[in-house]
Amino acid sequence: MTRRRSILVVDDTPDSIMVLCALLKDAYDTKVAVSGEVALRVLQAAAVDLVLLDVMMPGLDGYEVCRRIRATPATATLPVVFLTARDTPEDAALAQAAGGNGHLAKPVDPTRLHATLARLLAP
């Protein structure tokens, strides 16, 4: 039996967390963090296969969280997909510069979300 992949959903908005978890529940196990600080603690304590990371959060924003993920040997290669309401070429460039593997606009298109996850989690 194949192990289900685990996704860490990081967002400070409860509605966004609920929507993302609902979209993922049939195919993935999910863990949730409501801030960048909590996300970094979860990553120290539990193995996940990918991070869905909101950009605009109080405290540590998503870009800083991703830079810290990349700076930590245990998580340096972990796929990170940014989620943002700001979907401009500049935002995509910032996501890439911070070390992100993808960039999805909110509200998230379910088909694009699942295609992105399948691409990044392919064996």
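A salt bridge is a side-chain nitrogen of Lys or Arg within 4 Å of a carboxyl oxygen of Asp or Glu. By that rule the structure, a predicted model, holds 6 salt bridges. The legends below start with the whole chain and then move to single sites.

**Figure 1. The whole protein chain has 5 helices and 5 strands.**
Helices and strands follow one another in the pattern β-α-β-α-β-α-β-α-β-α along the sequence. The C-alpha trace spans about 40 × 30 × 25 Å along its principal axes. For 123 residues, a compact globule would have a radius of gyration near 14 Å; this chain has 13 Å, so the two agree. Of the contacts with a separation of 6 or more, 54% are between residues 24 or more positions apart.

**Figure 2. The surface and the charges of the protein chain.**
The accessible surface comes to about 6500 Å². Carbon and sulfur atoms account for 58% of that surface. Buried residues make up 46% of the 123 residues. The chain carries 13 positive and 14 negative charges. The mean positions of these two sets are 7 Å apart.

**Figure 3. Aspartate 54 and lysine 106 form a salt bridge.**
The closest N and O atoms of the pair are 3.1 Å apart. Aspartate 54 lies in strand β3, residues 50-54, and lysine 106 lies in the loop between β5 (102-105) and α5, so the bridge ties together parts that are 52 residues apart in sequence. The two partners also differ in cover. Aspartate 54 has a relative accessible area of 3%, under the 20% limit, so this residue counts as buried. Lysine 106, with a relative accessible area of 22%, is partly exposed.

**Figure 4. Glutamate 64 and arginine 67 pair within helix α3.**
This salt bridge has its closest N and O atoms 3.2 Å apart. Helix α3 covers residues 62-71. The partners sit 3 residues apart in that helix, so about one helical turn separates them. Glutamate 64 is partly exposed, at 25% relative accessibility. Arginine 67 is partly exposed as well, with a relative accessible area of 41%.

**Figure 5. Arginine 86 and aspartate 91 form a salt bridge; Asp11, Asp54 and Lys106 form a network.**
In the pair of arginine 86 and aspartate 91, the closest N and O atoms are 3.2 Å apart. Arginine 86 is partly exposed, with a relative accessible area of 44%. Aspartate 91 is buried, with a relative accessible area of 3%. Elsewhere, salt bridges that share partners join Asp11, Asp54 and Lys106 into one network. Lys106 thus appears both in this network and in the pair with aspartate 54 shown in Figure 3.

**Figure 6. A cis peptide bond joins lysine 106 and proline 107.**
Omega is about -5° at this bond. Most peptide bonds are trans. Proline 107 lies in the loop between β5 and α5. Lysine 106 lies in that loop too. The lysine side of the cis bond is also the salt-bridge partner of aspartate 54.

**Figure 7. Threonine 116 is a buried residue of helix α5.**
Helix α5 covers residues 110-121. Threonine 116 has 10% relative accessibility; buried means under 20%, so the residue counts as buried. What does threonine 116 contact, leaving aside its neighbours within four places in sequence? The partners are Val81 and Leu104.

**Figure 8. Leucine 120 in helix α5 is buried and touches Leu50.**
Leucine 120 counts as buried at 19% relative accessibility, because the limit is under 20%. Not counting residues up to four places away in sequence, leucine 120 touches Leu50, Pro79, Val81 and Asn101. Val81 is in contact with threonine 116 too. Leucine 120 and leucine 50 are 70 residues apart along the chain, and their C-alpha atoms are separated by 8.2 Å.

**Figure 9. Threonine 111 is an exposed residue of helix α5.**
Threonine 111 has 62% relative accessibility; exposed means over 50%, so the residue counts as exposed. In the chain, threonine 111 and leucine 23 are 88 residues apart. Their C-alpha atoms are separated by 9.8 Å. Threonine 116, in helix α5 as well, counts as buried at 10%.

Definitions and conventions: Residues are numbered from 1 along each chain as its sequence is written. This is a predicted model: local features need pLDDT of at least 70, side-chain atom pairs count only at pLDDT 80 or more; totals for chains, interfaces and linings use all residues. Side-chain values use heavy atoms; hydrogens and water are left out. Helices (H or I, at least four residues) and strands (E, at least two) are DSSP runs, numbered from the N terminus. The radius of gyration is taken over C-alpha atoms; the globule rule is 2.2 Å times the number of residues to the power 0.38. Buried means under 20% relative accessible area, exposed over 50%, partly exposed in between (1.4 Å probe, protein chains only). Contact means heavy atoms within 4.5 Å. Accessible areas come from the Shrake-Rupley method with a 1.4 Å probe; for residues, only the protein chains shown count as cover. Lys and Arg count as positive and Asp and Glu as negative; His and the chain ends are not counted. The place of a charge is taken as NZ of Lys, CZ of Arg, CG of Asp or CD of Glu.
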